[in-house]
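Hi,

Here is the structure I promised to pass on to you. Have a look at it first, and then read on for my notes.

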Amino acid sequence: MNKSPASLPDPISLPNDVAPYKQTTQFTEATVPQGLLKEHATKDGVWGVIHVMEGQLRYIVPGRDVDTVLTPTVEGIIMPTEVHRVEPIGEVSFFVEFHR
């Protein structure tokens, strides 16, 4: 059964003891790297925050049963070593910020 993505924010939040150390360039539906569209994971100790600047981005985390739509007001939190992927929904602009 193929379920529709939820619009509620992910209940996970960044720990207080991590800080940003780098971020990707801004991607669009046309420039998003293929690797982000496939299941992949961050390294041990590395958290990520997906920031959508414009539009909508589907964020899927199979291990936590997360399937949500990110918007400029809803961020996606990536836990260390967590398998996840994204799917653009129409025109979108986003970047990923990494914390440790």
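Below is what I found, starting with the strands and ending with one glutamate. Please keep in mind that this is a predicted model.

Strand β6 (85–99) has several pairing partners. β3 (47–61) runs antiparallel to β6, with 13 bridges between them; within this pair, arginine 58 sits opposite glutamate 87. Strand β1, residues 20–23, is also antiparallel to β6 and is joined to it by three bridges, and here proline 20 has histidine 99 as its bridge partner. Strand β2, residues 27–28, adds two more antiparallel bridges to β6, with phenylalanine 27 facing phenylalanine 94 across the pair.

The largest nonpolar core counts 18 residues, and Ile50, Leu57, Tyr59, Leu70, Val86 and Phe94 have the most contacts inside it. At least two residues of this core come from each of β3, β4 (66–70) and β6. Leucine 57 touches, beyond its neighbours within four places in sequence, a set of residues including Val52, Val69, Ile89 and Val92.

Now to the glutamate: which side chain of opposite charge is nearest to glutamate 97? That is lysine 22, 13 Å away, and glutamate 97 is buried with no salt bridge. Glutamate 97 belongs to strand β6, and its side chain makes a polar contact of 2.9 Å with the side chain of histidine 99. Outside its neighbours within four places in sequence, glutamate 97 is in contact with Pro20, Lys22, Gln23, Trp47, Gly48, Val49 and His51.

Happy browsing, and best wishes!

Terms used: Residues are numbered from 1 along each chain as its sequence is written. This is a predicted model: local features need pLDDT of at least 70, side-chain atom pairs count only at pLDDT 80 or more; totals for chains, interfaces and linings use all residues. Side-chain values use heavy atoms; hydrogens and water are left out. A nonpolar core is a set of buried Ala, Val, Leu, Ile, Met, Phe, Trp, Tyr and Cys residues joined through side-chain atoms within 4.5 Å. Buried means under 20% relative accessible area, exposed over 50%, partly exposed in between (1.4 Å probe, protein chains only). Helices (H or I, at least four residues) and strands (E, at least two) are DSSP runs, numbered from the N terminus. Contact means heavy atoms within 4.5 Å. Lys and Arg count as positive and Asp and Glu as negative; His and the chain ends are not counted. A salt bridge is a side-chain nitrogen of Lys or Arg within 4 Å of a carboxyl oxygen of Asp or Glu. A polar contact is a pair of N or O atoms within 3.5 Å; within protein, one must be able to donate a hydrogen and the other to accept it, and residues adjacent in sequence count only if both atoms are side-chain atoms. Two strands pair if DSSP finds at least two bridges between them.
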